[in-house]
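Good morning, and thank you for coming. I would like to introduce a structure that is new to most of this group, and I shall begin with one residue before turning to its surroundings.

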Amino acid sequence: MLESVLDNGVRVVTERVRGVRSTAIGVWVRQGSAHEPPELGGVSHLLEHLVFKGTERRSAHEIALSLESLGGSLDAYTTREYTSYQALILDDHLEIALDVLADLVLHPRLETDDLELERDVVLEEIAGVEDTPDDLVFELHGLRFWKGHVYGRPILGTRDTVSSLGIDDLRRIHEECYRGCNILVGCAGDIEHHHVVDLVEGFFGEAPAGILSPEVEYPDGNMVGLDSVQRTTSQTHLVLAGATPAYADPIRVVLGLISVAFGGGMSSRLFQRVREELALAYVIFSFQTFYSRAGSAGVYVATRPETADRTLETIFSEYRHLYESGLSQRELDQAKSQASGQLVLSMESTGARLLRTMGFALRDEPYRSLDDSLGRIEVVTMDQVKKVCTTYFNPDDQYVLSLGP
């Protein structure tokens, strides 16, 4: 990984992947739902939508055609701590892709008529979440688990906040946050770093430097216990989670291995016990979420209402076993092999390599080579696993939300 910083604060990060024809390139802006005041909930996501409605040089249709007509793709998404615009293209089309990305990020038209149209699209997106229980249960769990902290607020916003947003709100967020010091440009492919820097300088060099987006405040604790939301559904959807450190804590490597062994695949404890042995669920998995200030680790399962109590009791039993006994040496070895294999296989894709490289940059962490990352997995010990299980997997410390009848 190589990195350069333009005079206006734009960071340029590249990773050369020799022998490939695809190039993944993206622009990350340090602006997400965690930076929003409550009354502007969803403004970052709505802005991400609106930039695709047209720029000073391109209509919405021209934006859609710009890379698709060349066999490439253009996409964007909003998270709690940043907004990302990404393209996957053939290496010959790098300059065109950067031109389009810079146009979207720096020169959106942001017109009232476009806002009214795109507002309806986002309201449909919110309605889709409300009609999808396995999405909605995570939204509701996060809102309550984080006790109203910004990490629990919906990235899409709510019907009320999205309906009340005006074009001046979006223009102000763009003017204040889409500035050089908040922008990172990343590229992975068979490229030369200096060439990418020269192109980025040409397209982003005139952007005002601006000021950094404010840091997210630390959560004031989290909820623990049992909770429920009544809803007419065919299944009861359950999310269990407990608090963990933020992504900067190296303990996340150990947490990742525990998650793999606990609920990370068909061979995991939860899958074997809940699905294969007891046939209580079709879908069950463990998950982890790490932010700059805090994190969480937990389990999701969907089961019929009449088996919900038994399913929850079974999961708690597995939590208790994990809390008291940790993993066996065999489970740890298998988790290491599984995690290492997944990491190596993911490196076949320039898109995955870009996301990995930019993960270090976004977290302001030193870059680690693939061998270094594999080494960090390999050196995890049974004692470390036992300590983490005792610290973070006490069943009495979990917050459980059920959504269903």
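Let us begin with T236. In this predicted model, T236 has a relative accessible area of 5%. Residues under 20% are classed as buried, and T236 is therefore buried.

Where does T236 lie? It belongs to strand 8, which covers residues 236–244. Leaving aside residues up to four places away in sequence, T236 touches a run of residues comprising V301, A302, T303, R304 and P305, together with A308. It also touches S402, L403, G404 and P405.

Strand 8 brings us to a sheet. Five strands build this open sheet, in the order 7-11-8-10-9, with mixed pairing. Which strands stand at the edges? They are strand 7, residues 225–230, and strand 9; each has a single partner strand, so one side of each lacks a neighbour in the sheet. From one strand to the next, the twist averages 15°.

Within this sheet, strand 8 runs antiparallel to strand 10, residues 295–303, and nine bridges join the two. As an example of this pairing, L238 stands opposite V301 in strand 10. V301 has already appeared among the residues that T236 touches. Helix 9, residues 252–263, packs on the sheet and touches strands 8, 9 and 10. The direction of helix 9 makes about 175° with that of strand 9.

Strand 9 also leads us to the surface. The loop between helix 10 (269–277) and strand 9 (283–290) holds Y282. Is Y282 buried or exposed? Its relative accessible area is 61%; the class "exposed" begins over 50%, so Y282 is exposed. Together with F138, V283 and F285, Y282 makes a nonpolar surface patch of about 370 Å².

I now turn to another sheet. This open sheet is formed by six strands in the order 1-2-6-3-5-4, and its pairing is mixed. At the edges stand strand 1 (2–5) and strand 4 (73–78); each has a single partner strand, so one side of each is left without a neighbour in the sheet. On average, and ignoring direction, neighbouring strands here are turned by 15° against each other.

Strand 4 is joined by six bridges to strand 5, residues 83–90, and the two run antiparallel. D75 stands opposite Q86 in strand 5. Finally, helix 8, residues 193–204, lies across strands 1, 2, 3 and 6. Helix 8 runs at about 150° to strand 2, residues 11–16.

Thank you for your attention.

Notes
Residues are numbered from 1 along each chain as its sequence is written. This is a predicted model: local features need pLDDT of at least 70, side-chain atom pairs count only at pLDDT 80 or more; totals for chains, interfaces and linings use all residues. Side-chain values use heavy atoms; hydrogens and water are left out. Patches are made of residues with over 30% relative accessible area and no salt bridge: like charges are joined within 9 Å, nonpolar side chains (Val, Leu, Ile, Met, Phe, Trp, Tyr) within 5 Å. Accessible areas come from the Shrake-Rupley method with a 1.4 Å probe; for residues, only the protein chains shown count as cover. A salt bridge is a side-chain nitrogen of Lys or Arg within 4 Å of a carboxyl oxygen of Asp or Glu. Helices (H or I, at least four residues) and strands (E, at least two) are DSSP runs, numbered from the N terminus. Buried means under 20% relative accessible area, exposed over 50%, partly exposed in between (1.4 Å probe, protein chains only). Two strands pair if DSSP finds at least two bridges between them. Axes are lines fitted to C-alpha atoms, for helices over the stretch in contact, and angles run from 0 to 180 degrees between N-to-C directions. Contact means heavy atoms within 4.5 Å.
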